[in-house]
Amino acid sequence: PRFTSSDLRAPEGYADYLRTATARSLERCGTDRFDLLMLHNPDETGFTSEVVWEGLRSLKDQGMTARLGIAPGPANGFVLDVIDCCERYGEVIDWAMLILNPLEPWPVGLALPACEKHGVKVLTRVVDHGGLFHGDLAEDHVFKPGDHRTFRPQGWVGHGMDKIVRMLPTATKHGLSLMELAAIWNLSHPAVESLVPTFMQEVGEGARPIEEKIRQFANLPTGLRLTADEVDEIRRIGDNTGCMMLKGASKRH
C-alpha cells in the first residue's frame, strides 16, 4: 500500500497501513509472526512521531511481532535522534541496530548509554569495517565493479590496516582472530547484546572463501569480554571522531 505524510494526521489510517504492510511481509516470508520488526532508516518524523510508534506498538499488541526496534541508516548524524527516540519511546523499543566496530567507535558510542538507560538492546552491524577485520584485504586491493566500498575515500584500507596492527597485541593476548577481536570488543559494551558482520566474497589472490569466514564467526568465544581498559585502548586506536566521509554522509553533521 502507498503511504503519504497525510496518513500521520490520521492515526487509525496509519495503523491500518502498518497492519496491511506487515501482513503482506509475513505472507511473503511464509510465517505468521516476526521475532523482531524494525523501523528502517527513519527520517526525523520516524524518530519523533507518536503516531508512528503507537502504530508499531499496535503490531506488537496484535501479535504480528514479538519485538520492535529501530534501524537507522549509516552514521550520518542520527545519534542525537536515537538518543531522543530512546527517551521518548524507550518502553516500546526492544532493539536498536547500529553501526559500531573498533575502527568506527564514533558517533554510535555516544548513543550507547541512552540505549542502556532505557533498556534498548543494541544489535551492532558492519562489525567487520567493510571487510578489514576478516583479514583478507591488502592495501592495494582492487574491488570488483559495483562494490559499494568503491565509494569510500581513497586509502581507507591502508589507513584502517595501520590501526589494526596496533590492536594486534590485545588479539594475541586473548588468542583471537581479527574478526573475533572486533566482535568481542563490540560485545564488551554493556548495551550491546548481539552483532552481525558483513560477509563478502572478496576477489583476487589470497581471498578467503566466504564459507570459511562464516564458520569462523560461528565459533566466536561466548564468555570472553574485554576489560574496560582494553575497550578504551582499542577505542583510542580506532578513534574516528568527526569522520563522516567514510559513509558518504552529509558534511553538515
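Here is a short chat between a student and a tutor about this predicted model.

Student: Let's start with the open space. Which element gives the largest share of the lining of the largest pocket?

Tutor: The largest pocket holds about 400 Å³ of space. Its lining has 21 residues, and Y14, Y17, L18, L39 and H40 are the closest to the centre. Elements that give two or more residues to this lining are β1 (37-40), α2 (44-48), α3 (50-61) and α1 (11-29). With 6 residues, the largest share comes from α1.

Student: And how many residues of that lining are nonpolar?

Tutor: Let's split the lining by type. There is 1 charged residue, and 6 are polar. The nonpolar count is 14.

Student: On to the cysteines. How many disulfides does the structure hold?

Tutor: Try C85: the nearest cysteine sulfur is that of C86, 6.3 Å away, and C85 is in no disulfide. For C115, the closest cysteine sulfur is also in C86, at 4.0 Å, which is too far for a bond because a disulfide needs the two sulfurs within 2.5 Å. For the whole structure, the disulfide count is 0.

Student: Is C115 buried or exposed?

Tutor: The cut-off for buried is under 20% relative accessible area. C115 comes in at 0%, so C115 is buried. C85, at 1%, gets the matching label: buried.

Student: What about the packing inside? Which helix gives the largest share of the largest nonpolar core?

Tutor: In soluble globular proteins, nonpolar side chains tend to be buried together. Here the largest nonpolar core has 62 residues, and W53, L56, V82, L98 and C115 have the most contacts inside it. The largest share of this core is 7 residues, and they come from helix α7 (residues 178-187).

Student: Which elements do the buried residues of α7 pack against?

Tutor: α7 is mostly covered, with 9 of its 10 residues buried. Among those buried are M179, L181, I184 and W185, along with E180 and N186. The buried residues of α7 pack against β4, α6, β5 (192-196), α8 (210-218) and α9 (228-238).

Student: Back to L98 for a second. Which residues is L98 in contact with, leaving aside neighbours within four places in sequence?

Tutor: L98 is among the residues with the most contacts inside the largest nonpolar core, and so are V82 and C115. Both of those turn up again in the contact list of L98. In full, L98 is in contact with P72, F78, V82, V108, C115, V122, L123, T124 and R125.

Student: Now the backbone. Which peptide bond is cis, with omega near 5 degrees?

Tutor: Most residues other than glycine have a negative phi, and most peptide bonds are trans. Look in the loop between β3 (95-99) and α5 (112-117), where P107 sits. The cis bond runs from W106 to P107.

Student: And N41: is N41 buried or partly exposed?

Tutor: N41 lies in the loop between β1 and α2, and its phi is positive, near 50 degrees, though N41 is not a glycine. Its relative accessibility is 45%, so N41 counts as partly exposed.

Student: V126 also has a positive phi. What is the relative accessible area of V126?

Tutor: The phi of V126 is about 55 degrees, and V126 is not a glycine. V126 is placed in the loop between β4 and α6. V126 is buried, with a relative accessible area of 11%.

Student: Last one: which residues does H141 touch, not counting those up to four places away in sequence?

Tutor: H141 lies in the loop between β4 (121-125) and α6 (156-174). Its relative accessible area is 16%, so H141 is buried. The residues that H141 touches are E202 and V203.

Conventions:
Residues numbered from 1 in each chain as written. Predicted model: local features only at pLDDT ≥ 70, side-chain atom pairs only at ≥ 80, totals over all residues. Heavy atoms only, no water. 1 Å grid on protein atoms, 1.4 Å probe; cavity = no way out; pocket = protein on both sides within 12 Å on 5 of 7 lines; lining within 4 Å. Points joined across faces, edges and corners; volume = space filled by probe spheres on them. Helix = DSSP H or I, 4+ residues; strand = E, 2+ residues; numbered from the N terminus. Nonpolar A, V, L, I, M, F, W, Y, C, P; charged D, E, K, R; others polar. Buried < 20%, exposed > 50% of the residue type's maximum accessible area, 1.4 Å probe, protein only. Contact = heavy atoms within 4.5 Å. Core = buried A, V, L, I, M, F, W, Y, C linked by side-chain atoms within 4.5 Å.
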